[in-house]
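Here is a short briefing on one protein model. Please look over the sequence and the fold before reading the notes.

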Amino acid sequence: MQLELRHLQAVCRIAEAGSLGAAARRLGVSQPALSAQLRRIERVTGGELFVRGRSGVEPTPLGHFVLAKARRVLGEMDALGAEARALSADVPLRLGCILLVLLDGLLARTDLAPSGREVAVDLENSVTTLVRMLGAGRYDAIVYGEVNDYEVPLPGGVQARTVVPREPFCIRMSERHPLASRSRLDLADLAGEQWMTLVPDDDGGPEALVEACARAGFTPSLRYRITDRKMQHDLIAAGRAVSLSQPTAPAVPGTVMRPLAGTPVTGRIRLAWNRASVSARQGELLHRAAVEAYLANVDNNAFHRTWWDAHPEAHPSLG
């Protein structure tokens, strides 16, 4: 077997994720399949690349050597694609996003015509992928989320601005759920539920949910991880799961949204762009478009409007 780019990407993803399970989820493969692929890679490289440590898998000395070479090769390949695109005429601004409620409104408001650039948008399920592609020049800008105190590490040469500094996650559940009649929920009341996990697993979200549930006295059953929004909502409406949700999410037939007492899980929305490919004016236009898209959704749920009016420190800045 000869090493291919996908093998180098797998090695890098394992190192970034710190575990085979997390790396497999980000690569969209099963953990056994990734383990088998790693064994084949190790046969080619001549030894173990990772060993188990206190905080997950850690590179061996050979692993560090292979990682350094892999990152260099992948960086060169990414640069090749980015530079080739830059030589093409009428290159659009490439915007990468995770699935946020403001996305639909952002697309409607993203008009960079005064700066002479169109916008091409890609949707990703991994914040790590967004950041790596931003650093490699595959994206010019990204919109992403962070949960609780987690901060996404950004590459050099990047400018970042906060779109919304804080929003309280709430619960979406079936309208037939026994707790649906309550105006506010205690997290402990959901101890026996099956949970729909947040799709991005590298923004601090799953860890924040598990930690909040632990403080409430239970371990959540993270049963579903589904990227299709309609399928998520159908399962919740059927009473098969509950989920954390942004408080700006729109109403969905068969489901209700309820705030959590004490706001145990909060989110933050950020915009980052490459200074080499996005001007200060373009960055400002993107930021303003994202802010306006978020503000347009504040009234989707009355409980969030009440919270929003009571927390002016959470309001975005357009300065």
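Which residue forms a salt bridge with Arg-182? The partner is Asp-189, with the closest N and O atoms 2.6 Å apart. The model is predicted. A search of the whole structure finds 10 salt bridges. The notes below take up several of them, then the largest pocket, some individual residues and a surface patch.

**Salt bridges**

- Arg-182 is partly exposed, because its relative accessibility is 38%. Its partner Asp-189 is also in the partly exposed class, at 31%.
- Arg-268 and Glu-146 join their side chains in a salt bridge, at 2.8 Å from N to O. Arg-268 belongs to strand β12 and Glu-146 to strand β5, so this pair ties together parts that are 122 residues apart in sequence.
- Arg-268 is buried, with a relative accessibility of 19%. The cut-off for buried is under 20%. Glu-146 is buried as well, at 4%.
- Asp-234 and Lys-230 form a salt bridge through their side chains, at 2.9 Å from N to O. Both sit in helix α8; they are four residues apart, so about one helical turn separates them.
- Asp-234 is partly exposed, at 42% relative accessible area. Lys-230 counts as exposed, at 57%.
- A network of salt bridges links Arg-161, Glu-284 and Arg-288.

**The largest pocket**

- The volume of the largest pocket is about 640 Å³.
- Its lining has 36 residues. Nearest the centre lie Leu-99, Val-101, Leu-198, Ser-245 and Gln-246.
- Helices and strands both contribute to the lining: α5, β5 (141–147), α8 (229–237), β10 (242–245) and β12 each supply at least two residues.
- Which element gives the largest share of the lining? That element is α8, with four residues.

**Thr-266 and strand β12**

- Thr-266 is part of strand β12, which covers residues 266–274.
- Is Thr-266 buried or exposed? Thr-266 is buried, because its relative accessible area is 12% and the buried class lies under 20%.
- Beyond its neighbours within four places in sequence, Thr-266 contacts Glu-146, Val-147 and Asn-148. Its contacts also include Arg-166, Glu-167, Pro-168 and Phe-169.
- One of these contacts, Glu-146, is the salt-bridge partner of Arg-268.

**Positive phi angles**

- Asn-148 is not a glycine, yet has a positive phi of about 50°. Asn-148 is placed in the loop between β5 and β6 (158–168), and is among the contacts of Thr-266.
- Thr-263 is not a glycine either, and has a positive phi of about 40°. Where is Thr-263 found? Its place is in the loop between β11 (255–259) and β12.
- Thr-263 is partly exposed, with a relative accessibility of 22%.

**Glu-118 in its loop**

- Glu-118 sits in the loop that runs between α5 (103–109) and β4 (119–123).
- Glu-118 counts as exposed because its relative accessibility is 63%, and exposed means over 50%.
- Leaving out residues up to four places away in sequence, Glu-118 touches Pro-92 and Leu-93.
- How far apart in space are Glu-118 and Arg-94? Their C-alpha atoms are 8.7 Å apart, with the two positions 24 residues apart in sequence numbering.

**A nonpolar surface patch**

- Which residues make the nonpolar surface patch of about 250 Å²? Met-1, Leu-3 and Val-44 make the patch.
- Val-44 lies in helix α3, which spans residues 31–45.
- Val-44 is partly exposed, as its relative accessibility is 37%.

Key
Residues numbered from 1 in each chain as written. Predicted model: local features only at pLDDT ≥ 70, side-chain atom pairs only at ≥ 80, totals over all residues. Heavy atoms only, no water. Buried < 20%, exposed > 50% of the residue type's maximum accessible area, 1.4 Å probe, protein only. Contact = heavy atoms within 4.5 Å. Patch = residues over 30% accessible without salt bridge, like charges linked within 9 Å, V, L, I, M, F, W, Y side chains within 5 Å. Areas by Shrake-Rupley, 256 points an atom, 1.4 Å probe, with all protein chains shown as cover. Salt bridge = Lys/Arg side-chain N within 4 Å of Asp/Glu carboxyl O. 1 Å grid on protein atoms, 1.4 Å probe; cavity = no way out; pocket = protein on both sides within 12 Å on 5 of 7 lines; lining within 4 Å. Points joined across faces, edges and corners; volume = space filled by probe spheres on them.
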